[in-house]
Amino acid sequence: MSKYKLFLLRHGEGAWNKENRFCSWVDQKLSENGVTEAQDCGKLLKEQGYKFDIVFTSILSRSIQTAWLVLEAMGLEWVPVVKAWRLNERHYGSLIGLNRAEMALLHGEEKVKLWRRSYDITPPVIDESHPYYHEIYNDRRYTTCDVPIEKLPRAESLKEVLDRLLPYWDSTIVPEIRKERNVLISAHGNSCRALLKHLEGISDEDIASVTLPTGIPVLLELDENLRSVKPRQLLGDQAKIQAAIKKVEDQGKAKVKKM
Ligand SMILES: O=C(OP(=O)(O)O)[C@H](O)COP(=O)(O)O
């Protein structure tokens with residue numbers, strides 16, 4: 001029986017979503033379109049009568065900015081926004097910054113699909129020679145985490161995302177849900193997929209075909225044990241949502257650059 005409702009949200013489009021680059025722990029702001037997506041998401045939730053008591057985000061700006069825009073559109077600016085690195089996007093290791101279509105040309109679409117969607121394959125780790133290494137690990141936000149910087153990930157599989165996210169889910173988010181607070185988690189494609197896998201009991205194989213578009217609220221209905229009891233609902237125009245999912249899936253296709 002459905003006891004609790006929970007919303008997951010992949011932030012609105014960021015600059016690197018648009019450029020088809022693995023963004024991950026690089027802190028990109030929302031694109032103009034991403035701002036509109038977040039505002040539209042807030043308007044839709046308000047129209048449908050939903051309210052939030054608390055919002056959880058990662059410590060990456062695109063998820064925080066999305067939460068703010070959603071709350072503003074709902075007239076709920078006063079609602080607390082709680083941030084944690086454990087909701088950050090999956091750490092894509094040395095793939096960070098690279099263009100998916102170019103990677104597909106170089107390594108093949110199958111390899112890119114494995115990197116993006118397999119459950120337990122960790123991409124190559126980022127090291128100090130990587131162009132974004134220092135930008136990430138010299139960022140002051142990572143001195144505020146509950147693990148020291150040197151222990152933070154250098155690359156993660158989806159399984160490793162779930163391993164670092166679950167303790168936070170159990171210790172911090174679940175108690176709010178059990179208090180019957182209306183919770184929104186504004187996070188990322190893969191941190192939301194990892195949580196979905198856990199809540200819906202999706203197999204290691206089947207999670208590969210779960211894709212989340214940006215800026216679309218995902219409604220989950222959970223039972224007493226915080227397990228999903230109904231198919232997830234992606235709210236909004238279903239044709240547009242399907243087209244947006246296909247667009248994300250197609251990001252891993254090899255495209256020859258126009259001369
Ligand atoms: O930063 C990312 O996700 P986000 O836009 O949800 O934060 C990743 O680059 C998503 O890449 P993917 O769709 O290839 O897993």
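1. The ligand is surrounded by 15 residues (a residue counts as near when one of its heavy atoms lies within 4 Å). Glu89, Tyr92, Arg100, Arg116 and Gly189 are the closest of them. This is a predicted model, in which local features need pLDDT of at least 70 and side-chain atom pairs count only at pLDDT 80 or more, while totals for chains, interfaces and linings use all residues. Residues are numbered from 1 along each chain as its sequence is written, and side-chain values use heavy atoms, with hydrogens and water left out.

2. Polar contacts to the ligand (pairs of N or O atoms within 3.5 Å) involve both side chain and backbone. A polar side-chain atom of tyrosine 92 is 2.6 Å from a ligand oxygen atom. The side chain of arginine 10 places an N or O atom 2.8 Å from an oxygen atom of the ligand, and serine 24 contributes a backbone N or O atom at 2.8 Å from a ligand oxygen.

3. The protein buries 99% of the 410 Å² that the ligand exposes when taken alone (Shrake-Rupley method, 1.4 Å probe).

4. By class, the shell around the ligand holds six charged residues (Asp, Glu, Lys and Arg), three nonpolar residues (Ala, Val, Leu, Ile, Met, Phe, Trp, Tyr, Cys and Pro) and six polar residues (the others, Gly among them).

5. The UniProt annotation "active site", from an unreviewed entry, covers His11 and Glu89; such annotations may be inferred rather than shown by experiment. These residues span 79 residues in sequence, yet no two of their C-alpha atoms are more than 10.5 Å apart, so they gather at one spot.

6. Histidine 11 is located in the loop that lies between strand E1 (4-10) and helix H1 (15-18), where strands (E, at least two residues) and helices (H or I, at least four) are DSSP runs numbered from the N terminus.

How values were computed: A polar contact is a pair of N or O atoms within 3.5 Å; within protein, one must be able to donate a hydrogen and the other to accept it, and residues adjacent in sequence count only if both atoms are side-chain atoms.
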